[in-house]
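Please open the model in a viewer and keep the sequence panel visible beside it. The tour below proceeds by selection, each stop stating what to choose and what is found there.

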Amino acid sequence: MTTTPESQTGTSSSRPSSTPVHAFTGIGDHNQLNPLFARVGESTDFPLNTLPPGETLPETAYQVVHDESMLDGNARLNLATFVGTWMDDYATKLYAESLDKNMIDKDEYPQTAAIETRCWKMLAGLWNAPDPENALGTSTIGSSEACMLGGLSLKRRWQKARRAEGKPTDKPNLILSSAVQVCWEKFCNYWDVEARYVPISLEHKVLDGHDLENYVDENTIGVVGIMGVTYTGMYEPIAEISAALDRIQEKSGWDVKIHVDGASGGMIAPFLQPELHWDFRVDRVVSISTSAHKYGLVYPGLGWVIWRTAADLDPDLVFDVTYLGGHMPTFALNFSRPGAQVLLQYYLFLRLGWDGYYRVQKACQDVALYLSGEIAKIDAFELWNDGGDIPVFAWQLRKGYTDKWNLYHLSERLRLKGWLIPAYPMPDDLAGLVVQRIVVRNGLSRNLAESLVLDIRDAVEYLDRLEAPMPTEGLVSTFTH
């Protein structure tokens, strides 16, 4: 037998002695041999921050990327994110078939454009628009873009009214809860709008219209009401906010409108709380946004925004553009973007219908109520809310319970079991209060929830047995929007 590199390293070879050693030594020949996990790029390394000098086999590149992505953890056990992490096999098949569709190119993909219109008209009806056929809507890249479009329309509406009265338009402001999602901070920053935050408190856990008259003035472009606060999952009472604005208008004449940020609750309330008046049944609500990739049950990223009537969207925000040979109206911050998720939304609307969405959302809420009920039984904890609005709830460490550990330590302990459950401080006036939050999504079954309860109890028992306090250096908030 000819001595080979493999035998020199302790690996026997059955290669015939007539086979030249050099036939197995070149990079290209290694790729031709193609042994699993011994190919160049797997047995060696790719440069991290520079483009590799040459090509590699597709299966090698796939394996490297696949293996690195495993370090992200199991998305199904990520109870920090609101974003969907599961769709069925038919959705996955449809996704793969439509990955190449560009949503903005309505001339080349007219049927996808027609399906987009069907979807937002279905949502307009779901949200009780007075006349869904005369509402106006669009798909977006998540609800953040949808919120920005809603905010822009509020600003333009206010500017035009002020100019018509010969008044200045240089100091617009927007009223928000201190627990608002970060996209609204971005909106105010990017479009030069003063953000006026109404702080939440133990007495007023959400923006509920209390003291609103201290924040609204003639320069207020609108109020944002949240259906499912990111920090805790609680609804803000849109009808109560509207009633407070009615009282303000009676005294001042200021007609302030509402945009409802229904990123999560927009796809929960119509099914689980249909009697709740939060949508276009409230006259001051002129626009509503939602995340299709949250409780719309679609993979990221897709959002929707709808205006009560076409007149409620400033026509100056709508552009007629020529693109790839066709004319089309567009009102969006993004241009080229995937059309596949729009088709996935339509698939789910057909697949589930009202009854199917009800059963999926009810199952999530049932699991949330089970989990919050079990966590409330643990002496260490005190619930902030129970998941009875959207299937999201938060809890805090009971005051005086222990000086050995905190919720950040519990979050780290649960991560050892694969669970990603964030711990983070509440906003502004409650910044000294740390809570943990669980988001129950489609795919977190009752069986998995029972396993989670056992893991939480085990983690608490372990931490309670500590004889000295856990170190606090390096602890960071794991808050995820």
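The stops that follow pass through a strand, a helix and several charged pairs in this predicted model.

**Stop 1: strand S2**

Begin by selecting residues 173-177, which form strand S2. Five of the five residues are buried, so the strand is largely enclosed by the rest of the structure. Show the side chains next. Asn173, Ile175 and Ser177 point one way from S2, while Leu174 and Leu176 point the other way. In a regular strand, side chains alternate between the two faces of the sheet. In S2 the residues directed each way are all buried.

**Stop 2: the neighbours of S2**

Add residues 194-198, strand S3, to the selection. S2 and S3 pair in the parallel sense, with five bridges between them. To find one point of register, label Ile175 of S2, whose bridge partner in S3 is Arg196.

Now include helix H7, residues 182-190. Together, S2, H7 and S3 form a β-α-β unit that is right-handed.

Which strand is joined to S2 by three bridges? Select residues 220-226: this is strand S4, and it runs parallel to S2. Within this pairing, Gly222 of S4 stands opposite Leu174.

**Stop 3: helix H8**

Move on to residues 238-252, helix H8. The helix has 15 residues, and the distance from its first C-alpha to its last is 21 Å, close to the 21 Å expected at 1.5 Å a residue. Colour Ile238, Ile241, Ser242, Ala244, Leu245 and Ile248, which are buried. They cover an arc of only 160° around the axis, which places them on the same side of H8. An α-helix has 3.6 residues a turn, so residues three or four places apart point the same way.

Against what do the buried residues of H8 pack? Display S4 again, together with strand S5 (258-261) and strand S6 (285-291); the buried residues of H8 pack against these strands. Rotate to the face of H8 turned away from its buried side, where Glu250 and Lys251 are exposed. Finally, select Gly253, which follows H8 and has a positive phi, near 90°.

**Stop 4: charged pairs**

Side chains of opposite charge can pair when their charged atoms come close. The count of salt bridges in the model comes to 21, and a few of them can be visited in turn.

Select helix H10, residues 340-376, and show Asp355 and Arg359, which lie four residues apart, about one turn of the helix. Their side chains meet in a salt bridge of 3.3 Å, N to O. Asp355 is partly exposed, with a relative accessible area of 46%, and Arg359 counts as exposed at 55% relative accessibility.

Remain in H10 and choose Lys362 and Asp366, also four residues apart, about one turn of the helix. Their salt bridge is 2.7 Å, N to O. Both partners are partly exposed: Asp366 has a relative accessible area of 36%, and Lys362 has a relative accessibility of 28%.

Proceed to Lys377 and Glu374, which form a salt bridge with their closest N and O atoms 2.9 Å apart. Is each partner buried or exposed? Lys377 counts as exposed at 54% relative accessibility, whereas Glu374 counts as buried at 16%.

For the last selection, display Asp246, Asp255, Lys257 and Arg284, which are linked in a network of salt bridges. Asp246 falls within residues 238-252, the range of H8.

Definitions and conventions:
Residues are numbered from 1 along each chain as its sequence is written. This is a predicted model: local features need pLDDT of at least 70, side-chain atom pairs count only at pLDDT 80 or more; totals for chains, interfaces and linings use all residues. Side-chain values use heavy atoms; hydrogens and water are left out. Buried means under 20% relative accessible area, exposed over 50%, partly exposed in between (1.4 Å probe, protein chains only). Helices (H or I, at least four residues) and strands (E, at least two) are DSSP runs, numbered from the N terminus. Two strands pair if DSSP finds at least two bridges between them. A crossover is right-handed if, with the strands pointing away from the viewer, the path from the first strand over the helix to the second runs clockwise. The expected span of a helix is 1.5 Å times one less than its number of residues. The arc is that of the directions from the helix axis to the C-beta atoms. Contact means heavy atoms within 4.5 Å. A salt bridge is a side-chain nitrogen of Lys or Arg within 4 Å of a carboxyl oxygen of Asp or Glu.
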